[in-house]
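Here are my notes on the model you sent. Please read them with the structure open.

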Amino acid sequence: MPSLFDLEHKRLRKEIQERKAKLVLIQLPEGLKQYGPMLATTVAKAGAIPILSADSCYGACDLATAEAKRLGADLLVHYGHTEMSTHPSISVLHIEAKAKGSIKNVTKKALPHLETWREIGLVTTIQHVHMLDEARDVLLNVGKTVKIGDAGQLDYAGQVTGCNYSNAKVVSMEVEAFLFIGGGKFHALGVALATTKPTVVSDPYEKRAFIIEDEAAAMLKRRWARIHETKQAKKIGILIGLKTGQKRLDQALKMKKLSENAGKQVTLFALKEITPEALMQFPAVEAFINTACPRLSLDDAKNFRRPLLTPNEMLVVLGELKWGELCAKGWFES
Ligand code: SF4
């Protein structure tokens, strides 16, 4: 099956041979899992035994280091994300899986949606970061000015991740609107919420462009309703993520203290997968604070019966932060 992404088979073989790896655990995010068997063949050709991780994987925060150690693997190959933190206990190879092809045509499709604005901020995920110049040229050719931010927190200028929009925020005051290149709505909504600027999406997978203004406004309304609901709640649950890059115990303890000072009764919960089913086991808890993955609070919130606030939203509940300051501070950043 031909891949839409550069899976770097040659480099994979070379790294395995150079590291003399004998047992390799391969971890792929959901959109790339279909290429797993093909990658397993490459690993086998390089002289190692491949094992595919079939568990869910949503980000670089979710490295299967513990699983690799449990299996006795001497190399973990993680596809689709840049390195978030180092793991001295196990050898990890990150392969970014950059998209192939061109984004020129799908960028052109965004032009009618960007007509009103001249100064445009350009952002994308790791899969298309190497193509930003192509998108910039399309915009420059029709007389736009283009800003690609680099706040120095991520590997590439213009890159955003599910919990880091610093490259959008750093140019936000200099632009009138953003163009996000990438699939789905989650990252684009993150840009819109982090910057409060109109955000247009060019989706190279669906080959279409659209503005997400209405979704951003609807999400703000829903978030405000959840904050208001939590103000009435007496019993609060604070969730501590157990995935490698999602554990923020200090933040959970800080939230516990602040909530208790405000008269709330608090229980701490630790879990790897935060699902509606897991939280339904605790019906007495009226609202949850999610210190793990912001995507759950912002993108999946409708699936949860109880409010699932980000820590900064809880600060609004507690009167430590104003609603109007939330976007500037960020919905998740501590
Ligand atoms: S948004 Fe969630 S899944 Fe994505 S990197 Fe952040 S914590 Fe991980």
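The points below take up a sheet, the nonpolar cores and two backbone angles.

1. Status. This is a predicted model. Every point below should be read with that in mind.

2. Sheet order. Five strands make an open sheet, in the order β8-β7-β9-β10-β11. The pairing is mixed. At the edges sit β8 (145-147) and β11 (208-211), and each of these pairs on one side only. From one strand to the next the twist averages 25 degrees.

3. The β7-β8 pair. Strand β7 covers residues 119-124 and runs parallel to β8. Three bridges join the two. To find the register, start at Glu-119: it stands opposite Thr-145 in β8.

4. Helix on the sheet. Helix α7 (residues 186-195) packs on this sheet. It touches three strands: β7, β9 (177-181) and β10 (199-203). What angle does the direction of α7 make with that of β9? It is about 160 degrees.

5. Largest core. The largest nonpolar core has 46 residues. Val-24, Leu-76, Val-77 and Ile-289 touch the most other members. Where does this core lie with respect to domain 1 and domain 3? Both domain 1 (5-97) and domain 3 (219-329) give residues to the core, so it lies between them.

6. Ile-289. This residue deserves its own look. Set aside its neighbours within four places in sequence, and Ile-289 is in contact with Ile-236, Ile-238, Leu-239, Met-255, Leu-309, Pro-311 and Met-314.

7. Second core. A separate core holds 38 residues. Val-106, Ala-110, Ile-120 and Ala-192 are included in this second core. Please label the two cores separately in any figure.

8. Lys-20. Phi is positive here, at about 55 degrees, although Lys-20 is not a glycine. The residue sits in the loop between α1 (9-19) and β2 (23-27). Is Lys-20 buried or exposed? Lys-20 has 10 C-beta neighbours inside 10 Å. The cut-off for exposed is 12 or fewer, so Lys-20 counts as exposed.

9. Ala-97. Here is another residue other than glycine with a positive phi, near 60 degrees. Ala-97 lies in the loop between β5 (92-95) and β6 (98-99). Ala-97 has 22 C-beta neighbours inside 10 Å. A residue is buried at 20 or more, so Ala-97 counts as buried.

10. For the text. Please describe the two positive-phi residues with their settings: Lys-20 counts as exposed, whereas Ala-97 counts as buried.

How values were computed
Residues numbered from 1 in each chain as written. Predicted model: local features only at pLDDT ≥ 70, side-chain atom pairs only at ≥ 80, totals over all residues. Pairing = 2+ DSSP bridges. Helix = DSSP H or I, 4+ residues; strand = E, 2+ residues; numbered from the N terminus. Axes fitted to C-alpha atoms, helices over the stretch in contact; angles between N-to-C directions. Contact = placed C-beta atoms within 7 Å. Core = buried A, V, L, I, M, F, W, Y, C linked by C-beta atoms within 7 Å. Domains from an automatic or database assignment.
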